[in-house]
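Hello,

Here is the structure I said I would pass on. My notes are below it.

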Amino acid sequence: MVKAYLRYEAASSFGVIVSPDCNITYDNSGKHLLAAALEKLGVWHVRQGVCTKTLAPSPSSSTRGPSLAVTAIASSPSSLVACGYADGAVRIWDIEKGTCETTLNGHKSAVTVLRYNKLGSVLASGSQDCDIILWDVIGEAGLFRLQGHRNQVTDLLFLDSGKKLVSSSKDKFLRVWDLETQHCVQIVSGHHSEIWSIDVDPDERYLVTGSADPELRFYSVNNSLSDKKSGVEKIESDIDNGTAPVPNKWEILKFFGDIPRKTKKRVSMVRFNKPGNLLACLESGNTVEFFDVLDESESRRKAKKRIKRKEKKAVKGKTETTENGNPNVEVQESSEFLVTVSDVFQSREQLLKTIKKTICSIAFCPITQKGARPTLALSLGDSSLRMYLIGDMSKPTAAIELQGHRSDVRSVTLSSDNTLLLSTCSDAVKIWNPSTGSCLRTIASDYGVCAIFAPGNKYAIVGTKKGKLEIVDVLSGTCLDTVEAHGGSVQSIVATPDGFVTGSADKDVKFWEYQTTQKPDEAVKHLTVSPVRNLKMNDDVVAVAVSPEGKHIAVALMDCTMKVFFLDSLKFFLTLYGHKLPVLCMDISTDGDLIVSGSGDKNIKIWGLDFGDCHKSLFAHDDNVEAVKFVKNTHYFFTAGRDRKVKYWDADKFELLLTLEGHHSAVLCLALSNRGDFLLTGSNDRSIRRWDRTEEPFFIEEEREKRLEELIEYGMENDSEKYLSKEEVPEEGAVALTGKKTEETVNAADSIMEALDMAEEERKRIAQNEEEKSKGRVADFRPNILMLGLSPSDYVLKSVSSVHTNDLEQALLALPFSDSLRILSCCKDWVAFRDKVELVGRIVTILLPIHHNQLTSTVSARPIVTLLKDILHARVKECKDTIGFNLAAMDHLKQLMAAKSDAPFRDAKRKLLEIRTQYSQKAEAGRRTKDEKRKKKKQKKIDDGHVWS
């Protein structure tokens with residue numbers, strides 16, 4: 001009989017507040033901060049400091065582990081938020097509902113940047129595959145792919161009401177794309193290093209770029225929106241070529257000038273605040289530099305003062321000198337003058353610096369109360385969030401840091417009743433509820449390497465890198481005492497029947513017992529420990545294991561051997577050798593028969609403790625094996641490795657049972673519950689993950705077949721990408737299809753072809769039945785039950801409609817010409833359905849360009865195309881007319897309701913503000929005329945009625 005095992009599945013993960021590799025952003029209300037935590041998106045309430053929602057994609061076989069990491073976030077004007085992932089997928093979430101609205105597949109590498117247009121209807125995504133894809137958010141489909149950059153796309157932004165798109169890349173170029181013609185209209189050079197970030201002010205007057213150059217470069221924006229919003233004079237830089245440039249409508253960006261930065265590190269991010277009067281420049285490291293942005297009148301006033309000073313110097317006879325590092329400094333003798341970059345952007349003296357903490361991303365709060373200072377949110381490299389008020393940056397106004405680890409998780413330990421979890425990292429010990437993942441206590445500590453709970457679970461013992469033992473009170477969350485235990489790092493702590501044992505890098509194994517003491521100034525007794533025995537070893541101790549029945553103690557040394565002693569007498573029993581590198585972890589089974597060791601040579605060895613013979617050596621992981629644990633009362637065990645994987649084994653059959661993937665970095669430690677119903681793992685990615693045992697059985701052969709299939713599929717995908725002919729993209733850029741071949745698109749194409757074949761067979765049966773009826777043979781026609789009572793055409797329509805909008809393009813690409821022709825012939829029937837006109841239009845616009853040559857040369861296809869041309873145009877026009885009529889009717893109803901009701905509409909507040917500003921301008925103009933009249937009367941009295949010319 002084949003043995004069945006119970007499956008372990010991922011249940012939850014906790015311990016990470018924000019990932020360092022992703023940006024942060026506010027939602028449109030400014031109340032919530034969106035931060036990526038590995039594969040999750042956390043929605044944090046800024047004032048309460050609580051994570052209100054956690055958005056994570058459902059795990060599937062095709063997307064596992066690190067491929068799910070969130071790499072880019074963009075917030076839309078509505079409640080939608082776009083997230084880009086490391087596997088190239090873009091998911092759009094509704095943060096109010098907490099659901100994933102759609103998944104868009106198009107990129108082949110990690111998404112690096114996402115940007116919405118002002119309306120939130122179009123989303124632009126850039127990736128490490130050097131491509132930019134424009135997505136229709138409402139239609140949930142790709143519009144087109146822009147190709148032209150030679151390196152990773154680093155930033156994107158929309159200009160001119162979404163008609164233009166500016167992209168920056170590591171290839172040192174800016175590109176301006178016209179989205180209506182889908183062409184690159186301008187390539188901007190001049191940077192000496194990779195461009196990392198770009199941004200534009202809200203009025204779209206100036207665009208700023210940040211790179212590794214020692215200065216920020218500014219460009220004036222020439223588009224219809226900036227011309228309407230401000231009557232700024234067009235600034236022409238004549239220094240570079242010495243001649244005034246010929247006006248060019250395609251020259252969207254003109255070089256305006258540059259401003260030197262205060263530090264020499266590269267720029268990570270540049271962002272304007274929402275009013276546009278402040279520019280923040282994040283430099284790689286721990287510094288944020290700020291620039292005040294002056295409006296048009298202030299910058300002109302400053303330029304006038306500068307020119308007057310120069311004229312005064314010239315009058316005094318001083319030699320006229322040019323300003324260093326500023327290209328727009330020519331003094332014009334005429335009344336016209338030039339506004340330079342230093343007149344608009346003014347550097348602040350105050351910098352925002354964090355001590356010993358890297359700033360990964362910044363975000364301005366979009367909502368600022370009148371008269372209040374703007375708020376800046378920072379994500380730090382130690383997985384924490386901070387909020388600062390600009391102007392008072394001595395301390396943060398709010399911080400979110402206690403809910404997560406600030407460094408790698410070095411050890412995890414469960415209490416005896418499995419209700420508490422203790423984890424250690426470089427600067428703190430944290431107590432968690434393993435069921436909910438909530439952090440109960442955070443205790444400041446030295447670098448904790450290992451830990452155990454004392455009997456009763458009221459105290460915990462932590463071994464540190466400095467060789468000390470810290471006694472922690474779990475209830476109060478304080479460190480009661482520190483004991484100098486070893487001269488080197490405490491590598492391992494293991495409980496014994498009468499205390500615990502520690503192994504250290506100082507070559508000592510010490511045995512300890514628990515005691516209670518009472519200090520003179522305290523009324524309550526507390527726990528302390530004292531050494532009772534010492535076992536001296538020949539080399540540094542790496543790991544210690546004690547058999548559950550208390551018979552043996554095993555010690556792993558740096559010389560790649562393991563020595564086994566009797567626990568009571570400490571007499572030498574066995575030496576286990578065979579590993580090529582030091583043993584990093586080991587564990588003894590509950591019955592004391594087996595010991596499993598994991599080593600730096602990537603192997604695990606299963607030993608018998610009766611004679612010390614090696615039962616089996618297995619290649620376990622692709623990197624060091626860091627932890628191993630037996631399930632209680634069984635010979636099943638788990639191993640954790642630096643290859644990010646956790647594996648489940650059977651020590652009797654020497655078989656791999658399961659591979660658990662989910663961690664984004666090396667797995668360093670693991671802890672098992674007493675009943676073996678759940679498993680906890682800690683990792684370099686600062687997360688703790690819980691894996692629960694389910695009631696679903698599985699068999700070894702099935703799992704082996706699954707792993708082989710995954711390997712074959714992965715190899716086929718890699719080979720197909722490897723041998724694809726890569727066409728050289730021209731310098732001016734190119735446009736391509738947006739989709740990407742995935743498992744979903746292949747399955748969709750298969751289902752469409754299957755539906756077409758079934759429909760064809762049904763048509764033949766219907767024709768045969770009609771023929772028999774005409775001959776007088778009475779035969780009852782029984783339709784195919786698989787077609788669910790639908791006609792052949794409707795059944796194919798049902799199959800095509802079930803394909804996701806984003807996958808339709810690639811699914812139709814996979815169809816052969818014969819099937820495409822059959823679908824086109826069905827389209828003339830589908831157009832009759834009013835709600836399917838859009839779908840038919842998409843199908844036709846996809847298939848006609850693909851099969852154009854074959855369609856024109858195939859005689860039988862011409863009638864179908866001609867018929868579609870006549871029908872489809874008329875149906876689309878009908879739909880457009882209906883939509884236009886409905887929009888006009890809704891607008892009319894809105895006007896009627898606004899006239900009858902006092903209820904304000906969305907734009908009522910804006911109109912009220914406009915009326916108020918008009919009244920204030922009129923009042924100010926009237927006041928000015930009164931002042932002028934009063935001045936004239938005064939002057940008339942002084943002149944005694946004489947008229948002066």
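The notes cover one helix pair and the nonpolar cores.

Please bear in mind that this is a predicted model.

I started with α8 (residues 817-830) and α9 (residues 837-850), which pack at an angle of about 150°, their axes 10 Å apart. Angles over 145 degrees count as roughly antiparallel, and the two helices are therefore roughly antiparallel to each other. The crossing of α8 past α9 is left-handed. On the α8 side the contact is made by S820, I823, L824, C827 and W830, and on the α9 side by V840, I843, V844 and L847. Eight of these contact residues are nonpolar, one is polar and none is charged.

Several of the same names come up again in the core. The largest nonpolar core has 32 residues, and those with the most contacts inside it are I752, V800, L812, I823, C827, W830 and I843. At least two residues of this core come from each of α5 (743-774), α6 (792-801), α7 (808-813), α8, α9 and α11 (862-900). The largest share is that of α8, with seven residues. As a general point, nonpolar side chains in soluble globular proteins tend to be buried together.

I also looked at I752 by itself. Leaving out residues up to four places away in sequence, I752 touches S799, V800, V803, A811, L815 and I823.

There is also a second, separate core, of 19 residues, with Y8, A640, L660 and F698 among them.

Regards

Key
Residues are numbered from 1 along each chain as its sequence is written. This is a predicted model: local features need pLDDT of at least 70, side-chain atom pairs count only at pLDDT 80 or more; totals for chains, interfaces and linings use all residues. Side-chain values use heavy atoms; hydrogens and water are left out. Axes are lines fitted to C-alpha atoms, for helices over the stretch in contact, and angles run from 0 to 180 degrees between N-to-C directions. Helices (H or I, at least four residues) and strands (E, at least two) are DSSP runs, numbered from the N terminus. Angles under 35 degrees count as roughly parallel, over 145 as roughly antiparallel, 65 to 115 as roughly perpendicular and the rest as oblique. A crossing is left-handed if the near helix is turned anticlockwise from the far one by less than a right angle, and right-handed if clockwise. Contact means heavy atoms within 4.5 Å. Ala, Val, Leu, Ile, Met, Phe, Trp, Tyr, Cys and Pro count as nonpolar, Asp, Glu, Lys and Arg as charged, and the others, Gly among them, as polar. A nonpolar core is a set of buried Ala, Val, Leu, Ile, Met, Phe, Trp, Tyr and Cys residues joined through side-chain atoms within 4.5 Å. Buried means under 20% relative accessible area, exposed over 50%, partly exposed in between (1.4 Å probe, protein chains only).
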